[in-house]
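Let's take a relaxed walk through a protein model, starting with the whole chain and ending with a few single residues. Have the picture open while you read.

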Amino acid sequence: NKHNISLGVFDDKPGVSLVGYTYNIRQTEMDEFFIGAGTFIVGFTGSAGWKHYYKKSKLSFYSLLSGQVVAHKQRTYDDDNETWDEFYAGFWSTISLSAEYNLLKRVQVKIGGVGVIQLLSTASRDMGVMPFVGLNFRF
């Protein structure tokens with residue numbers, strides 16, 4: 001079960017995405033090291049990180065650390081109501097605390113929160129916390 005497809009509002013592994021794919025480079029009983037990619041319709045993410053389980057059962061608890069590259073096109077409005085398109089690119093460092101419930105052997109529901117620090121970007125630096133919920137399919 002090294003391949004994962006995630007569907008939902010944001011995600012902790014592939015990043016700020018609605019649909020994502022991750023591949024576990026290395027797995028142990030309680031740890032996963034992964035790379036991944038995702039999309040949120042107008043943009044794309046790439047990620048790499050480490051997932052550590054504190055309790056692994058039907059209801060599992062874990063934390064996750066990752067680095068994510070985010071790129072998308074955004075529309076900007078000025079005071080005169082004129083618009084133009086800009087390209088955003090940045091590197092985000094994230095941490096999450098989450099729970100995962102096994103619906104089936106290869107299907108999980110994930111819920112949690114992701115803390116984000118925007119380190120390098122074409123915009124100003126920023127930080128925040130985003131909740132997420134989604135389905136994960138392992139194969």
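Here is a short tour of the fold, the core and three residues to look up.

**The whole chain**

First things first: what you see is a predicted model. How many helices and strands does the protein chain have? The count is zero helices and eight strands. Going along the sequence, the pattern reads β-β-β-β-β-β-β-β. The radius of gyration is 16 Å, close to the 14 Å that the globule rule gives for 139 residues, so the chain is as compact as a globular protein of that length. If you follow the C-alpha trace along its principal axes, it spans about 55 × 25 × 25 Å.

How much of the chain is tucked away? Buried residues account for 38% of the 139 residues. The accessible surface is about 7900 Å², and carbon and sulfur atoms own 66% of that. As for charges, there are 14 positive and 13 negative side chains, with the centres of the two sets 18 Å apart. Now look at contacts between residues at least 6 apart in sequence: 44% of these join residues at least 24 apart.

**The core**

In soluble globular proteins, nonpolar side chains tend to be buried together. Which residues form the largest nonpolar core here? There are 12 of them: Val16, Phe34, Phe40, Tyr53, Tyr62, Leu64, Val70, Tyr88, Trp92, Val114, Val116 and Phe132. Strands E5 (59-77), E6 (83-104) and E7 (107-121) each put in at least two residues of this core. The largest share, three residues, comes from E5.

Pick out Phe132, one of the core residues. Leaving aside neighbours within four places in sequence, Phe132 has contacts that include Val9, Phe10, Tyr62, Ser98, Ile111 and Val114. Two of those names, Tyr62 and Val114, are in the core list as well.

**Three residues to find**

Now zoom in on Ala99, Leu59 and Ser6, one at a time.

Ala99 lies in strand E6. Is Ala99 buried or exposed? Its relative accessibility is 14%, and the cut-off for buried is under 20%, so Ala99 counts as buried. Not counting residues up to four places away in sequence, Ala99 touches Leu59, Ser60, Phe61, Tyr62, Val109, Lys110 and Ile111.

Leu59 sits in strand E5. With a relative accessible area of 35%, Leu59 is partly exposed. Beyond its neighbours within four places in sequence, Leu59 is in contact with Ala99, Glu100 and Tyr101.

Ser6 belongs to strand E1 (residues 3-9). This residue is buried, at just 2% relative accessible area. Which residues does Ser6 touch, not counting those up to four places away in sequence? The answer is Asp11, Pro14, Leu18, Val19, Gly20, Lys110, Leu135 and Asn136.

Finally, here are some pairs you can check in the viewer, going from C-alpha to C-alpha.

| Pair | Apart in sequence | Apart in space |
|---|---|---|
| Ala99 and Ser60 | 39 residues | 5.6 Å |
| Leu59 and Leu103 | 44 residues | 9.6 Å |
| Ser6 and Ser93 | 87 residues | 20 Å |

Try the Ala99 and Ser60 pair to begin with: Ser60 is also among the residues that Ala99 touches. Then turn to Leu59, which has Ala99 among its contacts.

Terms used: Residues are numbered from 1 along each chain as its sequence is written. This is a predicted model: local features need pLDDT of at least 70, side-chain atom pairs count only at pLDDT 80 or more; totals for chains, interfaces and linings use all residues. Side-chain values use heavy atoms; hydrogens and water are left out. A nonpolar core is a set of buried Ala, Val, Leu, Ile, Met, Phe, Trp, Tyr and Cys residues joined through side-chain atoms within 4.5 Å. Buried means under 20% relative accessible area, exposed over 50%, partly exposed in between (1.4 Å probe, protein chains only). Helices (H or I, at least four residues) and strands (E, at least two) are DSSP runs, numbered from the N terminus. Contact means heavy atoms within 4.5 Å. The radius of gyration is taken over C-alpha atoms; the globule rule is 2.2 Å times the number of residues to the power 0.38. Accessible areas come from the Shrake-Rupley method with a 1.4 Å probe; for residues, only the protein chains shown count as cover. Lys and Arg count as positive and Asp and Glu as negative; His and the chain ends are not counted. The place of a charge is taken as NZ of Lys, CZ of Arg, CG of Asp or CD of Glu.
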